[in-house]
Amino acid sequence: MTRADLVWAALRRRPARTALTSLSIVTAFFLFGVIEGVNVGIATMAGAANPHHLLVSSRLSMGTPLPVAQLQRIAAISGVDGVAGLAMLMGSYRDPRNVMPVVGVDIAALFRIYETQMMAPPEQLAAAAHLRTGAIVGRMLAEHQGWKVGDRVPIQMPGLRKADGSSDMSFDIVGIYDRDQPDTATWLVANYDYINESRLQNRDSVSQIAVGVTDPARTAQIAQAIDDAFANSSNQTLTQTEKDFVDSLLRQVGDIAFVLDAIVGAVLFTLLFLTANTMAQSVRERIPELALLKSLGFSDAAVAGLIVIEALLLCGAAAMLGLTAAVAVLPLMTNRPALGIGAMHVPHAVFAAGALAAILVALVSALPLAGKARRLDIASALSHR
Amino acid sequence: MAAMVSLRKVSKRYRRGAQSVPVLESLDLEVEAGEFLALMGPSGSGKTTLLNLLGGLSRADQGEVRVAGARLDQLSPRALARWRARHIGFVFQFYNLLPVFNAQRNVELPLLLTKLSREQRRHNAQAALALVGLADRGAHRPSELSGGQQQRVAIARALVADPSLLICDEPTGDLDRASADQVLDLLRRLNREQNKTIVMVTHDPRAAAYASRRLNVDKGQLGDDATTVAAT
Ligand SMILES: Nc1ncnc2c1ncn2[C@@H]1O[C@H](COP(=O)(O)OP(=O)(O)O)[C@@H](O)[C@H]1O
Ligand SMILES: [Mg+2]
């Protein structure tokens, strides 16, 4: 028997109550970890977007294709340093649920525009240029599917109807690319011509056009020049920096960060009341026991300390459990290679903030009670007065 | 023999609303080491108040309180707590055992404030339980024990740290006659064989008969008790 047993005994006194409170705390901090993790993940995505090149999409909607002929005209605009039209399709390997983005593009042009974000050895890029069926795959994707250079992989492409009625394509993997954010290296990058010739739908169109610029300071002007060039055409364009593109994508679902923070705040606020209430009940029931400990010679501070430690233990252990669950689950929840979104992780800072919040919740709910226990008059408490 | 307790002109009053009600007034008391003193008196006469002063659970408004060599009226709250742990064992009418702990652990509680090793604490608690005749009940929770057994566990807890003074407030007030006799026998044995100084409050003249001296508390004053029947 040690002093720690006194704390355990307090928690064991009403096992159902302790279990329910713990469960609430675990859930709250699981939510905290997941939601703040997503929040930071989104901010990171937006922040990591390279501001030095532009993305051109249809002004009608993001999904509307653009004619491939626009590439030539954009390339001719002053300040433009390379264009790459992306045909974005969905493919699956072996299992219809095992999906990935398949991007048909001028591979060399794409890797030149994205040279600081997508990296592949030059000889592999050259190999892709020489082999119509060649493909460069993201390292995450390759590891996930167990592919290596030299493999020939059949991909089911439901969105692509070939002349023979089938929708299968085979690619020869000639290279593997890395990304500045490794989790997002999930594309299968193939030759535009190979994909374009195979399809009946949307032939000679692209989903988006990536545009390199010579002078990053002039991106806004160049974007305007591009949109002006097509202002009177039937294919009006919307040209944005990659960062604006991601931002506007995120804005479509409202101010996510604010909403998420508000939810987390509300959850923690509720939790504070719950914990404070549980602790208050627990202390109220034990007033005579606390007085007894004092009569035995436990100091006022020692008795107050027991209550603080009890709260810290309850909140701390349950919060750790919830945060750890968030750390384990968030990457599984967010890993969507099919969307080109890599796994999100609970950052250390979020974990630390969670731990700090747990300590605060414990202290705020326990300190007033600890003060009460410290001032508790033994004689009155023992006579149940 | 040295005085275990020495009160000089001790007064204690309680505030009830705006009023201040005197409970003990200019009270003197001497208890020698090795005595077994019974305090009797009507309900509300201040017996518990007096015990609380002796045990350092509350403070006198006036006067000198000297117990086991210390001037309680001059100790800081922290020093008073430490003094209680070292010198006083309490036995209450309603036992005040912690319900989540078994008998062994309840008895061990006061030893958490000593420097004894874990093994020593366990051993001493077991020895105290044996002394009150409950060596085989260590693993039982209070709810699994009779009232008399619970009170004997409480006595073991009061004894385990070898205090100078045992303070018992109506220890048999909640017990049937047979259990009460067992508890009183035990207290008398502790007084006679272990030379424990005991101050016990009781309503029951039969219980008071076990003591070596009896005093009456009435209207805040102490008087010799003439009505008590001698022990049989
Ligand atoms: N904490 C207290 N606050 C106010 N009055 C009290 C308090 N404790 C005791 N009293 C009053 O003091 C008187 C003596 O109480 P007490 O010492 O408990 O008597 P006894 O133990 O002899 O029955 C009673 O009138 C009681 O109501
Ligand atoms: Mg009383």
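A residue counts as buried when its relative accessible area is under 20%. Keep that cut-off at hand for these exercises on a predicted model.

**Exercise 1. Find out which residues of helix α11(A) are buried, and what this says about the helix.**

Solution. Begin by locating the helix: α11 of chain A covers residues 287-296. Next, go through its residues with the cut-off in mind. The buried ones are Ile287(A), Glu289(A), Leu290(A), Ala291(A), Leu292(A), Leu293(A), Lys294(A), Ser295(A) and Leu296(A). That is nine of the ten residues, so the helix is largely enclosed by the rest of the structure. Finally, look just past the end of α11(A), where Gly297(A) has a positive phi of about 120 degrees.

**Exercise 2. Place Asn96(B) in its chain and decide whether it is buried or exposed.**

Solution. First, the position: Asn96(B) sits in the loop that runs between β6 (88-91) and α3 (103-108) of chain B. Second, the accessibility: its value is 14%, and because the cut-off for buried is under 20%, Asn96(B) counts as buried. Third, the neighbours: leaving aside residues up to four places away in sequence, Asn96(B) touches Leu292(A), Leu382(A) and Arg157(B). One of these, Leu292(A), is already familiar as a buried residue of α11(A).

**Exercise 3. Describe the surroundings of ligand 1, starting with which chains take part.**

Solution. Start with the chains. Residues from both A and B surround ligand 1, so the site is shared between chains.

Now turn to the shell itself. It holds 13 residues, and those that come nearest are Gly44(B), Gly46(B), Lys47(B), Thr48(B) and Thr49(B). Sorted by character, the shell has three nonpolar, seven polar and three charged residues. Two elements of chain B, β1 (3-16) and α1 (47-54), supply at least two residues each. The most come from α1(B), which gives three.

Then check the polar contacts. An oxygen atom of ligand 1 lies 3.0 Å from a polar backbone atom of Gly46(B). For Ser45(B), a backbone N or O atom is 3.3 Å from an oxygen atom of the ligand. With Arg16(B), an N or O atom of the side chain is 3.3 Å from a ligand oxygen. To finish, consider the area: ligand 1 taken alone exposes 560 Å², and the protein buries 76% of that.

**Exercise 4. State how many disulfides the structure has, and check how accessible Cys315(A) and Cys168(B) are.**

Solution. Recall that a disulfide is a covalent bond between the sulfur atoms of two cysteines. Searching all chains gives zero disulfides. As for accessibility, Cys315(A) is buried at 2%, and Cys168(B) is buried at 0%.

Definitions and conventions. Residues numbered from 1 in each chain as written. Chains lettered and ligands numbered in written order. Predicted model: local features only at pLDDT ≥ 70, side-chain atom pairs only at ≥ 80, totals over all residues. Heavy atoms only, no water. Near = heavy atom within 4 Å. Polar contact = N/O pair within 3.5 Å; in protein donor to acceptor, adjacent residues only side chain to side chain. Areas by Shrake-Rupley, 256 points an atom, 1.4 Å probe, with all protein chains shown as cover. Helix = DSSP H or I, 4+ residues; strand = E, 2+ residues; numbered from the N terminus. Nonpolar A, V, L, I, M, F, W, Y, C, P; charged D, E, K, R; others polar. Disulfide = S-S within 2.5 Å. Buried < 20%, exposed > 50% of the residue type's maximum accessible area, 1.4 Å probe, protein only. Contact = heavy atoms within 4.5 Å.
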